[in-house]
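Let's take a friendly walk through this model, one contact surface at a time. Keep the structure open beside you as you read.

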Amino acid sequence: MNTTTTARRRTSRSRSLAAAAALALLVGACSVEDPEAPAGDGEGGGGVFSIAVGIDPDTFDPAGQTTTTVQNMVDYVVETLVTVDDEGTVGPRLAETFETSEDGLTVTLGLVEGAQFHDGTPFDAEAVKFNLERIIDPALTVPLGSPYEVIQSVTAVDESTVEITLTRPSPGFLSALSVTTAAMISPASVETGGNTNLNYQNPVGTGPYTFDSYTAGETVTVQKFADYWGEEPHYDTVNFRIVPEAATRESLLLAGQVDMIILPPVSDIEALQNNGDVEVLLAPSDRTIFIALDNNDPVLSNPQVRQALNYAVDKETIVDSVLFGAAEVMNAPMAPSLFGYCETGSYDYDPDRARQLLAEAGAEGATLDLLTPSGRYVQDAQAAEAIAGYLREVGLTVNVTTSDFPSFLARVNAPPSPETVDMHLLGWAPAYLDADFQMQMFRQATHPPAGLGTAFYTNPEVEAILAQADVEIDQDTREQLYCDASEIIWEDAPWIFLWTQSFPIVHSTDVEGIGSTPTEKFDAIYARPAS
Amino acid sequence: MKGTAAHIVRTLLLSLITLFGVSVLIFLMLRVLPGDPARVLAGLNASEEQVARLREQLGLDQSLLAQYWSFITGVVTGDLGESARTSRPVSSEIAVRLPATLILAVTATVIGSVVGITAGVIAAVRRNSLLDHAISSVAMMGVSMPVYWLGLLLILLFAVTLGWLPAAGSGEPLSIVLPAVTLAAFSTALVSRMTRASMLEVLGQDYIRTAEAKGAAPRTVIIKHALRNAFIPILTVISLQFGALLGGAVLTETVFGWPGIGRLLVDSIGARDFAVVQGIVLVYAAVFILLNVIVDVLYVVVDPRIRY
């Protein structure tokens, strides 16, 4: 029996199936003649710029933002009143000038001239009033809304002057105005284009790009806005490709099908760095990764034990070999990009000292549980295993458990109880770059369930300093107060201080002008073909 | 055919009970999971008051019974509720994503059936030949190769090295090739194994020898006499595989950034977006039931001896 003759006498049904398969092959073959056009062409302006990201947007409403990746896309369309630079210093954007009164209760903003929303609505004081009142409206879900709860009233003094009255002095408030949550949308747009105030899907802002389309699970497209008030970007169209798998994003870039990606597989960072076709940016971020220790625990309530744990872990080695260099070891209880950061100290790897401290505290051979999320932070579960290994080396018994993030959160965000886990790995990225936000982790007011001060740490001295910083208007004094608080916190060691995570961005060497902000965002609006 | 029609009506009526059971199960399973949807949704930085407000908005402060009642009365009136994560209606979330998964699963099933049956028939007819062993080995690889790994290998070869095909997405006509081939690998292997086994059984029967003896052409014997009689178990495997592909496409969808419903389901479980998870599971259940009915009918078409 001969199979080739069998194949020649197909029934009609199988013939059509085979024809479909043949067609697929044929079409496949055609593509050889017509390879994928490179994503970015760009001769003298124009063209398409493609970026592969990992997260499918939940909402395009600036007020509804939760993840920096989605904020990053929304930022092409809407703009904030102010910006914050790498050192946490506030600078102008839609507000040219910004001033806080002596008593810290009034913030006066002078708006730029000539900005308008994509729908033609002028950007003026009334628009600012509308937007700020919108994000404090209890009817609207504003996940990152807590910094704005201090707003008492907003007044449009004249067309380009806005006065914001606060219920109490809030030094971090200006900085908070740089967050996408507080970005400006056209007041007219909440009732048009398929939008409602509570379900705002098609953002209309003042940004360099207009929102064009969103294909669920696939792409977000924005188009250049001709009447943009600021510097004109190069590309006519920016495509955000939603690709959840890191290795696939990497392949898209290497195949030239996108111009830029974020978050490649960390294990490939070195190979990418050695690849001449692409450039790797390991952007410092504001996300600190740490092991929160249960400061109520009989063993861990002793600061000596907590210091011992800090000495016991070789952070440098873990960063190099488990995180493939994509992090910086912490030297203060906050990331260097925050206002109020100062280099505080170090717990250099010293297992002998750790053993000695444990012996002095009578905690030799203690048993501790370590809980870690898996896949939430760069190499989180792997790092936790390595940390457990180091703790075992100094004679402790450590059990590591992993869980998915919602379950993890339910566990650590609960009031203190006998079930409170001894140690857990957590990441914290302040929404705005001010120590004020980071210090929430060390205050009694944010002990779970009220907040995420999951170490249950409190120190009257620290509380007093922070209370003073809360109302301090003088920026230099405030900065010093945070430094003072950091010193005490570092000594008290409520956490095992680990590292500040890097945010890897990789782009083709055919493009340039790509940077990052310390809030785990890329800055590629002014990307252009490499000259 | 009258019996068949009655059978279909009976099956569909019974399926209402199945769907009700599914709705109760998925509702309870979600609520047994640790993790507060309001907290997950509100984010790490949200205050306790914001979380409480959100919990109220989502109706999570109500009793289980009240929550189930509002869910099931919604379902009956065709309203699957609203996604907590995106504020969009669940029905439109599903409507946007389901077609992509269906297209992928259908294409993979077609590839799996055509290639699988062809290979299986060849293997059976040329039993113990080199070709048979080669087909068996490839099938073995197809069954045991993880989708993730296969998908990434195909991307590396066809997108990165050769530059022939898009690495991800569904925007271009050729986008479907890699995900469909990846998804089809397992079912192709399974179908070919099943076809081979089923064919061998039939080929050993007396009527095949009779057909050969009366001088029928070999192809006629293989296709008309043998394959058709061997087809019922093959059809069963294909239909089961199609169901599995619908539900199991999530890995393929993730690797290839394919905007299907499996990814939506996983994202929604991760975000504890109850309404969307409930909606998708119900739709899955309905599709499975429909699929079973279709296969029941196909059995009758393939084998007229079958009566319901």
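How far apart do the C-alpha centres of domain 1 of chain B and domain 2 of chain B lie? They are 32 Å apart. The two domains span residues 1-77 and 97-302 of chain B, with bounds that come from an automatic or database domain assignment. Before going further, please note that this is a predicted model, in which local features need pLDDT of at least 70 and side-chain atom pairs count only at pLDDT 80 or more, while totals for chains, interfaces and linings use all residues. Residues are numbered from 1 along each chain as its sequence is written, chains are lettered from A and ligands numbered from 1 in the order in which they are written, and side-chain values use heavy atoms, with hydrogens and water left out.

Let's stay with chain B. Here 23 residues of domain 1 of chain B are in contact with 15 residues of domain 2 of chain B, where contact means heavy atoms within 4.5 Å. Together these domains bury about 1700 Å², and 82% of that area is on carbon and sulfur atoms; buried area is the accessible area (1.4 Å probe) that two parts lose on being put together, summed over both. On the domain 1 side, Leu19(B), Ile26(B) and Leu30(B) lose the most area to domain 2 of chain B, together making up 26% of what that side buries.

The rule finds 0 salt bridges between these two domains, a salt bridge being a side-chain nitrogen of Lys or Arg within 4 Å of a carboxyl oxygen of Asp or Glu. There are, however, 3 residue pairs in polar contact (both at pLDDT 80 or more). A polar contact is a pair of N or O atoms within 3.5 Å; within protein, one must be able to donate a hydrogen and the other to accept it, and residues adjacent in sequence count only if both atoms are side-chain atoms. Helices α1 (2-32), α2 (37-42) and α4 (64-76) of chain B each supply at least two residues of the domain 1 side, and α1(B) gives the most, with 14 residues. Helices (H or I, at least four residues) and strands (E, at least two) are DSSP runs, numbered from the N terminus.

Now look at where the chains meet. Here 61 residues of chain A are in contact with 57 residues of chain B, and the two chains bury about 4900 Å² between them, 56% of it on carbon and sulfur atoms. The rule finds 2 salt bridges across this interface. The side chains of Arg97(B) and Asp56(A) meet in a salt bridge, at 3.2 Å from N to O. The count of residue pairs in polar contact between the chains is 15 (both at pLDDT 80 or more).

Chain A itself is assigned three domains: domain 1 (16-56 + 216-279 + 504-531), domain 2 (79-189) and domain 3 (288-501). The C-alpha centres of domain 2 of chain A and domain 3 of chain A are separated by 33 Å. Their contact takes 17 residues from domain 2 of chain A and 15 residues from domain 3 of chain A.

Finally, find the disulfide (a pair of cysteine sulfur atoms within 2.5 Å) that joins Cys342(A) to Cys483(A), with S to S at 2.0 Å. Cys342(A) lies in the loop between β13 (327-329) and α10 (351-360) of chain A and Cys483(A) in helix α15 (residues 475-492) of chain A, so the pair ties together parts that are 141 residues apart in sequence.
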